[in-house]
Structures are given as structure tokens and as C-alpha cells.
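Let us walk through this structure together, one region at a time. Please keep the model open beside the text as you read.

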Amino acid sequence: IFTLEDMLFHLPHRYEDYSQLLPIRDVRYGQTVSISGTVRSKSSRTVGKRRLKIHEIVVEDESGAIRASWMNQPWQTKKLDEGDRVLLSGKVDQYLGRLILSNPEMESLGSANINTNRIVPIYPLTANMSQRWLRKMMHKVVRHWAPRIGDAIPQSLLEQEGLSELSEALLDVHFPRSEEALKAAQYRLAFGELLLLQLGVLQKRAQIQAQTARIIPVDEGWQARQFAQLPFTLTAAQLRSW
């Protein structure tokens, strides 16, 4: 990635659907859910021979409470205080017979919410780069620059095919408003790629057809002698080419 355009077209390769906000009492083992609540307590403990640190919080809403834990990630709970309102999104696990959220995504309630309570993009990464960091950078770039990008497809064709504009498609493919908006954005981008590819092929074909070859005059006797030396008979296509 070298340019802003590179970032705009560095598309997610999959998504996590955290859009279903549930009361805590309704979460079930194995579900991928989002919950919102108040931090009731936080704690840390050391486990195993490797002395791994588990950092935990208990979050409650009007329907119940659930524990969330992170392994060796002290920054997750460091700035939290009892009474803080948070959003958590992740898979519901089980520990000692109780439901927990293991290594969930967490954000403060009322923030931009690009990691929780929505369809969350998962990007191709490279070494020393986290999803959370890249997602934050992408959100800044996409939100500011996608509305400013030009569209190669004329408005009349967009309307004819029922397609959204490129700027809207980029916003929805990175940070979808809904499953339907995501599918429409992916279709729009695929349509644009295939259309430009086909136009490129047609343009190249027109350029080739417009070219003329230099005519090399030869007498029939010379031509006949050359053909006679060949160890095979020319095909009809070869004769036409000649």
C-alpha cells in the first residue's frame, strides 16, 4: 500500500457479523454476539506454569451479567473503571460451567464503534500489524476520501443497471450498514472491474485491427520455390496469412 487509492481498494477478505445486540440473559454458548453493559468489576490473575496473565471484567445489563477475559492483554482493562459503559462483541465460550466472552472486541459505548455492534471488516494483514489498528486507519481514510473519488461509469449506466455510485460502494464494502448494503457494494465493485477489463480488451483489439503491415512484393516464381522447400504442405489458414 503506497497511496490513498491503494488503501481505498485494499478490501476486506471476510467479515464478522457483530450486528446483533442481545440482552445478556439471551446469549448462548457458541453464538457470536454483541452486548452492551456496565463494568461491575475488573480483576487479573496468573495461571499455569507459564505464568500467563488473565485480565477480566464483569459486565452487567438489566437482564444479567457475564464475564469477559483477555489473555496477556493488560491494555484491554487498564483504562476501565467500575461504572464505565462498554460494548463487547465476540464468541460466547464456557469456563467452569459459566458462559464467558473470551478475547472479545471492546469499545466504549458512544464511540465510533468500528469494532463492535456492526458487521466488522477483516483485512489481509502483514507482520506487526493488527486488525484493530488497520481498521482504525481504514475508517479514517474511507470516511474522508471515498466520497471524493471519481467514478469511471457514467450516471446513465449506473441508473440503467441499478448500481450505486463508486463512493457509496466503497463506504459499504469497508464498513457495511447491513448485509444487503454489503452485497450491493460487492456487486457494484465487481461490475466496475469487469466492465473496465472488457473495455480494455475491446480497446486493444481496435488498436491491433487499425494497424497495417508493410507489404513485401515478391514474384510468383520465388514464392513457389520457397513453398517447394518446405517439408510440409501449408494449411489453408497459413496460406491466408501469407
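**Strands, cores and salt bridges**

Strands E2 and E3 (residues 52-61) pair in the antiparallel sense over nine bridges. Helices (H or I, at least four residues) and strands (E, at least two) are DSSP runs, numbered from the N terminus, and two strands pair if DSSP finds at least two bridges between them. Before going further, note that this is a predicted model, in which local features need pLDDT of at least 70 and side-chain atom pairs count only at pLDDT 80 or more, while totals for chains, interfaces and linings use all residues. Residues are numbered from 1 along each chain as its sequence is written, and side-chain values use heavy atoms, with hydrogens and water left out.

Back to E2 and E3: within this pairing, Ser-43 stands opposite Glu-56 of E3. Four residues lie between the strands of the hairpin, where Gly-48 takes a positive phi near 70°. E2 (residues 32-47) also runs antiparallel to strand E5 (residues 85-95), to which seven bridges join it. One place to find this second pairing is Thr-38, whose bridge partner in E5 is Arg-85. As you look along the strands, remember that in a regular strand the side chains alternate between the two faces of the sheet.

Now turn to the interior. Which residues touch the most other members of the largest nonpolar core? They are Leu-8, Met-138, Leu-170 and Leu-189, out of 17 residues in that core. A nonpolar core here is a set of buried Ala, Val, Leu, Ile, Met, Phe, Trp, Tyr and Cys residues joined through side-chain atoms within 4.5 Å; buried means under 20% relative accessible area, exposed over 50%, and partly exposed in between (1.4 Å probe, protein chains only). Helix H1 (4-8), helix H3 (131-145), helix H5 (166-174) and helix H6 (179-210) are the elements that give two or more residues to this core. Apart from it lies another core, of 16 residues, including Ile-24, Val-27, Val-59 and Trp-70. Leu-8 is a good residue to click on: leaving out residues up to four places away in sequence, its contacts (heavy atoms within 4.5 Å) include Val-141, Val-142, Trp-145, Leu-170 and His-174.

Next come the charged pairs. The whole structure holds nine salt bridges, each a side-chain nitrogen of Lys or Arg within 4 Å of a carboxyl oxygen of Asp or Glu. In one of them, the closest N and O atoms of Glu-105 and Arg-132 are 2.5 Å apart. Because Glu-105 lies in strand E7 (residues 105-108) and Arg-132 in helix H3, this pair ties together parts that are 27 residues apart in sequence. Arg-132 counts as partly exposed, at 32% relative accessibility. Glu-105 also forms a salt bridge with Arg-135, with closest N and O atoms 3.9 Å apart. Is Arg-135 buried or exposed? At 1% relative accessibility, Arg-135 counts as buried.

Another salt bridge joins Arg-188 to Asp-151, at 2.8 Å between the closest N and O atoms. This pair links distant parts of the chain, with Arg-188 in helix H6 and Asp-151 in the loop between H3 and helix H4 (155-161), 37 residues apart. Arg-188 counts as buried because its relative accessibility is 2%, whereas Asp-151, at 29%, counts as partly exposed. Elsewhere, salt bridges that share partners join Arg-45, Glu-56 and Arg-67 into one network.
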